[in-house]
Amino acid sequence: MKWMIVGAALCISSFAVNAEEPKKKQPPTFEVPYRLTDTKHVLVRAKINNKGPFNFIIDTGAPAMIMTEEIAKKVGAKTDKGWADFDSVVLEGGLKLDKPRGLAIDMFQLKGMNSMGLAGCELHGVIGYNILSRYRIVYDFNEDKLLWTPVDIELPEPKRITGKEKDSGQSSLEMMGTMMKFLAAFSGIKPNYAVNQRGFVGAELGITKEGVIVKQILANSPAAKSGLQVGDLIVSKGKIEAATIEKLLDSFSKLGSDSIVALTVLRGGKETKLEMTLGKGI
């Protein structure tokens, strides 16, 4: 009987200790804006070494973060045999990547797509597996943001495949990109991305039966400076199409950064006219 009492006491004591253990702190989740290119690739924007933003495709098939040699030079990346190290990489939405290692090479896929303007914008690189695997990423194509939550994982350093490896086929693929570039020039095809960067507003939007409504406004953003308020219902007028969130964002995208936009909103049942200068985001 004494043993039973002692055992019960130990169980109670153990339970009390476990109950007092602090809960593991959950990592923060970042909302990263994205859009689909004309080729239906998922595109996000990033600042590298405080320069940019630059357009990156999310590609789990790529082993690492890859950018063009031109962009690597522009941001002052430290390169060694094609590998590049960066002091700072920040995705739009405030997600700071922890000094990711990448490659500074001219991918034949991007070279060909940029030559013909297939994506509808200039592509500067891809974000690959060595970064993507460090996050739990939630895709919802009914929303305009991806949810990125850090996960605890150890990964080996990515390896580069070059044209020197036997049967890699890399050399012939690189030639394909150069050929596409030549054919584009020969055929008179011009890239269609020579436009201003898409406009940045700085407001979280929602959809109601009445239309697109402002749910939240970022401090010091173009939306805040224009006088836009939470609860404003955006009206379709002029160059602004606000039947859906997608159409409204497309309107801002076509206008581009630094454009002055005449906005009409319904506030308290009355129309209010605002003027907004679109920013560059990030």
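The following legends describe close-up views of a predicted model.

**Overview. The protein chain as a whole, with 7 helices and 18 strands.** The predicted protein chain comprises 282 residues, of which 38% count as buried. Among contacts between residues at least 6 apart in sequence, 58% join residues at least 24 apart. The chain exposes about 17,300 Å², and carbon and sulfur atoms supply 56% of this area.

**View A. The negative surface patch formed by E31, D140, E143 and E246.** One of the four patch residues, D140, lies in the loop between β12 (residues 135–138) and β13 (residues 145–150). D140 has a relative accessible area of 32% and is therefore partly exposed. This value satisfies the requirement that patch residues have over 30% relative accessible area.

**View B. The cis peptide bond between G52 and P53.** The omega angle of this bond is about 10 degrees. P53 belongs to strand β4, which spans residues 51–58. The conformation merits display because most peptide bonds are trans.

**View C. K40, a residue other than glycine with a positive phi.** Phi of K40 is near 65 degrees. The residue is located in the loop between β2 (residues 35–36) and β3 (residues 42–48). With a relative accessibility of 61%, K40 counts as exposed, because the cut-off for that class is over 50%.

**View D. N49, a buried residue with a positive phi.** N49 is not a glycine, yet its phi is about 50 degrees. Most residues other than glycine have a negative phi. N49 is placed in the loop between β3 and β4. Its relative accessible area is 14%, so N49 falls under the 20% limit and is buried. Whereas N49 is buried, K40 of View C is exposed.

**View E. The surroundings of N49 in sequence and in space.** Leaving aside residues up to four places away in sequence, N49 touches V75, G76 and A77, together with F86, D87 and S88. A further pair for this view is N49 and V90, which are separated by 41 residues in sequence. The C-alpha atoms of N49 and V90 are 8.5 Å apart.

Definitions and conventions
Residues are numbered from 1 along each chain as its sequence is written. This is a predicted model: local features need pLDDT of at least 70, side-chain atom pairs count only at pLDDT 80 or more; totals for chains, interfaces and linings use all residues. Side-chain values use heavy atoms; hydrogens and water are left out. Patches are made of residues with over 30% relative accessible area and no salt bridge: like charges are joined within 9 Å, nonpolar side chains (Val, Leu, Ile, Met, Phe, Trp, Tyr) within 5 Å. Accessible areas come from the Shrake-Rupley method with a 1.4 Å probe; for residues, only the protein chains shown count as cover. A salt bridge is a side-chain nitrogen of Lys or Arg within 4 Å of a carboxyl oxygen of Asp or Glu. Lys and Arg count as positive and Asp and Glu as negative; His and the chain ends are not counted. The place of a charge is taken as NZ of Lys, CZ of Arg, CG of Asp or CD of Glu. Helices (H or I, at least four residues) and strands (E, at least two) are DSSP runs, numbered from the N terminus. Buried means under 20% relative accessible area, exposed over 50%, partly exposed in between (1.4 Å probe, protein chains only). Contact means heavy atoms within 4.5 Å.
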